[in-house]
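Please open the structure in your viewer and keep the selection tool at hand. The tour moves from stop to stop, and each stop says what to select and what is there.

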Amino acid sequence: MTEKVVCIIQARLGSRRFPEKVISNLGNTTVIETVISRVMRASSVDHVVVAVPVDDIRGLLQQTVLKTKASLFGGSELDVQHRFIEAAQAFGASHIVRITADCPLVDWKLLDQVVATLIDGEFEYVSNISPPSFPDGLDVEAFTLPALLEARDLALDPRDFEHVTVSLRESGRFKTANISSETDLSPLRWTIDYESDLDEISSTLPEGFMEMNHGDLIREGFQGVTVSARERNEGSLMSQGQKTWSRAKELIPGGSMLLSKNPEMFLPEFWPSYYSKAKGIDVWDLDGNQFADFATMSVGACSLGYGSESVDLAVKKAVDDGVMSSLNSPAEVQLAEKLIQLHPWADMARFARSGGEANAIAVRIARTFTGKEKVAICGYHGWHDWYLAANLDANSNLDGHLLPGLAPAGVPRALLGTSVPFEYNDIESLEKMLRTGEFAAVQMEVSRNFGPQAGFLERVREICSEYKVVLIFDECTSGFRETFGGLHLKFGVSPDVAMFGKALGNGYAITAVVGREAVMQAAQESFISSTFWTERLGPVAALATLEEMERQRSWETLTSVGYKVKEIWRQVFSEAGLDARIGGLDALPTLALDVPWWPVLRTLLIQEMLERGFLTTSGFYASTAHTLSKLEAYEGALRDVVGNFGQLSTEEEALSLLRGRPARLGFKRLN
Ligand code: PMP
């Protein structure tokens, strides 16, 4: 293949913060002409193309680009990745360099360095942005066309289409390299987001800057946009929560410890992100705004509402009496007794502090008990190696395809084939697996998005007994929602081991593994032990939570609250002529609308409900604090928002109403 390096400059006229910035004046020329002429100094580039939304091929932008030696190409406005693919193919590119038009100080030497690394090192993607060490505004990304085409197939959410290179950078599938600056220059801002940025850059650029690369500019004392100017711009728009989130992303990989609390999965740039106080279903953000939580109630951890008084009282007493000592806390024995009493098939319990840990304990016990290694899984069971191994594939390019969104990077390839997913309600495929005699356990959620077909759970029980496989029900989420205990009690099917988490401590960390004695005793033959599994608050909170649940018969309330929310959805969306796909347990309803641009509409729904004082998402976790009057207020706000959705007929219309980017979606649960 002959090499052809095409530099594609991504430009558009519409920018929320600074429209038409690319054709604004910079010195005695324009921003876009500056970008083009600096890129054209690169010796590695064969051709320069300015790729714009097709509707922007008009007026001054068209005239300006056509004055230069660059070509102009029109493509999709929103699917920028597709615009790149089309432009690259139209100009016969083998290698693509991506530059954005709001970076007029792009450095041709850096560009040549990135391209040389890509080609000489036979990489598929090379950039200077992961991690960044050059001034913001000198971003150069170079990649091969085949890699871009493959990245296209891997894209999981709309963010990937808009931002072109996300899956090239993040999927772990490509051979990549990064170019770094010797000194960290990443705090410098040389990009134009606001009109004031352009004013500041124009007025401080040294004479003859067109001949200067970034090193020359720094030596001349050029700084770019000063922090105060940027803070003036962003500070006026950003909430305390968003400012904290920006900082978090610099300090904490991924920004937060739980994917389901990542603000970008809800409302990028505008989600309140952090709370100062929570009580009942009310949550206060860092700016003092109050919201009613019709989202996940902390992903289901607080089914009695935030700050349940009786639970908090028991915990406060335990704090006063000391939460740790060299001796054990009797609360764990009382909790074991209580859980076994609620689940008469079980004889013993172990405790941990997270759902993932409880799952890992159960797997270890089952493997020890049976002496076998394979586990058949159905559902979500946490982040540990044993589970993510299900996403390894003999062909490493296919890693991740069974449980989309859960990347198994860092999981030893030696675990390939040890965890094998099966589809819910597909008894034949499960039986075929167990017949091999290689399985230690069947580990599954009892029911999640839809219920078991008649006889399915019973048959799972039968074949597990027949093939001497440990049946493990992961009730971390389903437990204590519809029944006082595991959901399996409702179906009358008993496992050998069950795990509880989430609701068990009403916000305090406690998870449990309960099981039949013969199986549980196998824990003794292995080593399962951890310091903070002995702290006192978890079991004390769980005992108080169970008492309060029993007093309120909380599972009945959760079921009727969740059922009511499903009814509200059915009613409100059908009034607006929209088909709602509603699933999940009554206490944990899920929502999707039957439009291909649901991810955009979902973000709009979240945005508009937030404006009206409600935290929402595409699922709902019922709590006993969702009173009738709160449900009525929610219904009124939802009707108000959804009433306008009927008129939206295209994704573009919905996008034009969004204040920020569409939210990204999380992993897809197997069910
Ligand atoms: N199992 C199930 C069924 C879950 O829903 C979850 C959490 N969503 C987990 C395990 C993992 O729990 P944790 O996040 O506490 O590790």
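Which atom of the ligand is 3.1 Å from a polar backbone atom of Y380? Select Y380 together with the ligand, and bear in mind that what is on the screen is a predicted model; the atom in question is a nitrogen atom of the ligand, 3.1 Å from a polar backbone atom of Y380.

Stay with the ligand and widen the selection to the residues around it, which are S354, G355, G356, N359, Y380, H381, E445, R448, D474, C476, T477 and K502. Two of these deserve a separate look. At G356, a polar backbone atom is 2.7 Å from an oxygen atom of the ligand, and at K502, a polar side-chain atom lies 3.0 Å from a nitrogen atom of the ligand.

Next, select helix α17, which covers residues 427–435, and helix α18, which covers residues 456–466. Their axes are 11 Å apart and make an angle of about 10 degrees, and α17 and α18 are therefore roughly parallel to each other. To see where the two helices touch, show the side chains of I427, L430, E431 and L434 in α17, which meet F456, R459, V460, I463 and C464 in α18. Sorted by class, this contact of α17 with α18 has 7 nonpolar and 2 charged residues, with no polar ones.

Now go to helix α22, residues 554–575, and select α24 with it; the two pack with their axes 10 Å apart, at an angle of about 25 degrees. That angle makes α22 roughly parallel to α24, and α22 passes α24 in a right-handed crossing. On the α22 side of the contact are V561, K564, V565, I568, W569, Q571, V572, F573 and E575, which meet L631, Y634, E635, L638, R639 and V642 in α24. By class, the contact of α22 with α24 has 10 nonpolar residues, 1 polar residue and 4 charged residues.

Keep α24, residues 628–643, in the selection and add helix α23, residues 598–611, which packs with α24 at an angle of about 130 degrees, the axes being 10 Å apart. Here α23 and α24 are therefore oblique to each other, and α23 passes α24 in a right-handed crossing. Where α23 and α24 come together, L605, E608 and M609 in α23 meet Y634, A637, L638, V641 and V642 in α24. The contact of α23 with α24 has 7 nonpolar residues and 1 charged residue, and no polar ones.

Two backbone details complete the tour. Select S130 and P131, which are joined by a cis peptide bond with omega of about 0 degrees; P131 is found in the loop between β7 (125–127) and β8 (141–144). Finally, select M297, whose place is in helix α12, residues 297–300, and look at its backbone, where phi is near 45 degrees, a positive value in a residue other than glycine.

Key
Residues are numbered from 1 along each chain as its sequence is written. This is a predicted model: local features need pLDDT of at least 70, side-chain atom pairs count only at pLDDT 80 or more; totals for chains, interfaces and linings use all residues. Side-chain values use heavy atoms; hydrogens and water are left out. Axes are lines fitted to C-alpha atoms, for helices over the stretch in contact, and angles run from 0 to 180 degrees between N-to-C directions. Helices (H or I, at least four residues) and strands (E, at least two) are DSSP runs, numbered from the N terminus. Angles under 35 degrees count as roughly parallel, over 145 as roughly antiparallel, 65 to 115 as roughly perpendicular and the rest as oblique. A crossing is left-handed if the near helix is turned anticlockwise from the far one by less than a right angle, and right-handed if clockwise. Contact means heavy atoms within 4.5 Å. Ala, Val, Leu, Ile, Met, Phe, Trp, Tyr, Cys and Pro count as nonpolar, Asp, Glu, Lys and Arg as charged, and the others, Gly among them, as polar. A residue is near a molecule or strand if one of its heavy atoms lies within 4 Å of it. A polar contact is a pair of N or O atoms within 3.5 Å; within protein, one must be able to donate a hydrogen and the other to accept it, and residues adjacent in sequence count only if both atoms are side-chain atoms.
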